[in-house]
Amino acid sequence: MNVDCKRAAFAIATLASCLLSSAVFAGSYMGVSAGESKIELGKPSFDTSFDAKKLDLKDSDIGMKVFGGYRFTLVAIEAAYVDLGKIEGEQGTFAEASGFSGFGMLHLPLGPASIFGKVGGFVWKNEASLGQLVDENNKLKDDGYDLAYGIGMMFGLLDIDARLEYEYFNVGKFEDVSLVSVGVSYTF
């Protein structure tokens, strides 16, 4: 094989590789979001001798997530790592949650903007403590898998999208866990 044929074969192989990788990754996106997370811990299910009114673990913190997915025309799949922060109450009480989410999404395009809804699951772990109200070393740790859902809006310019969304997570014994966030994503 002469030098010109080798160059032509190399150029064709390179072009085919670029086209194949663009076709595979077209529609893929990655991004980050941050915002206000709300966490509310329910009353303990075991019998305790303290005044439950002192257990006020309902507060907000800064939550964040790193996400990626693949968007088809109207449907997308998305996965994320979500850190919902930590809330603290009186006398050493606290609660925190984090985990991995996976969603199926449906987009409704409105020009350069779109609204979306998503439903999926959340593989979570949480930790809470009733602090000095019961036993300072008595930490409640749990993990599991539950339903998660959300709604949002995104506005895109070129390959960059700005997002505003609300997500609700079922997390074990916690009564209310949600995240309102703003973020940015890049589409490959």
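This report walks through a predicted model of a single chain, from its overall fold down to a few individual residues.

**The overall fold**

Let us start with the broad layout. The chain holds one helix and eight strands. Reading from the N terminus, the helix comes before the strands, in the pattern α-β-β-β-β-β-β-β-β. The eight strands close into a barrel, and their order around it is β1-β2-β3-β4-β5-β6-β7-β8, with antiparallel pairing. From one strand to the next, the twist averages 20 degrees. Strands of a sheet pair through backbone hydrogen bonds, either parallel or antiparallel.

For a close look at one pairing, try β7 and β8. Strand β7 covers residues 160-169 and strand β8 covers residues 174-187; the two run antiparallel and are joined by 10 bridges. Asp161 stands opposite Ser185 in β8.

Contacts across the chain reach far along the sequence: of those between residues at least 6 apart, 61% join residues at least 24 apart.

**The interior**

The chain has 188 residues, and 37% of them are buried. In soluble globular proteins, nonpolar side chains tend to be buried together. Here, the largest nonpolar core is made of 25 residues. Val82, Leu84, Ala95, Phe122, Phe169, Val171 and Phe174 have the most contacts inside this core. Several elements give two or more residues to the core: β1 (28-41), β3 (75-88), β4 (94-110), β5, β6 (139-157) and β8. Which element gives the most? That is β3, with five residues.

**A buried serine**

Is Ser114 buried or exposed? Its relative accessibility is 4%, so Ser114 counts as buried, the cut-off being under 20%. Ser114 lies in strand β5, which spans residues 113-129. Beyond its neighbours within four places in sequence, Ser114 is in contact with Arg71, His107, Leu108, Pro109, Gly152, Met153 and Met154.

**Rings and charges**

Aromatic rings deserve a visit too. The whole structure contains six aromatic pairs. Phe67 is a good ring to find in the viewer, with Lys65 lying over its face and the charged end of Arg163 sitting over the ring as well. The table gives the distances.

| Charged residue | Ring | Distance from ring centre |
|---|---|---|
| Lys65 | Phe67 | 5.1 Å |
| Arg163 | Phe67 | 4.3 Å |

**Looking back**

To recap, the picture is one of a closed barrel of eight strands, with a largest nonpolar core of 25 residues and a buried Ser114 in β5.

Definitions and conventions
Residues are numbered from 1 along each chain as its sequence is written. This is a predicted model: local features need pLDDT of at least 70, side-chain atom pairs count only at pLDDT 80 or more; totals for chains, interfaces and linings use all residues. Side-chain values use heavy atoms; hydrogens and water are left out. Helices (H or I, at least four residues) and strands (E, at least two) are DSSP runs, numbered from the N terminus. Buried means under 20% relative accessible area, exposed over 50%, partly exposed in between (1.4 Å probe, protein chains only). Contact means heavy atoms within 4.5 Å. Rings of Phe, Tyr and Trp (its six-membered ring) pair if their centres lie within 6.5 Å; planes under 30 degrees apart count as stacked, over 60 as edge-to-face and the rest as tilted. A charge sits over a ring if NZ of Lys or CZ of Arg is within 6 Å of the ring centre and within 35 degrees of the ring normal. Two strands pair if DSSP finds at least two bridges between them. Axes are lines fitted to C-alpha atoms, for helices over the stretch in contact, and angles run from 0 to 180 degrees between N-to-C directions. A nonpolar core is a set of buried Ala, Val, Leu, Ile, Met, Phe, Trp, Tyr and Cys residues joined through side-chain atoms within 4.5 Å.
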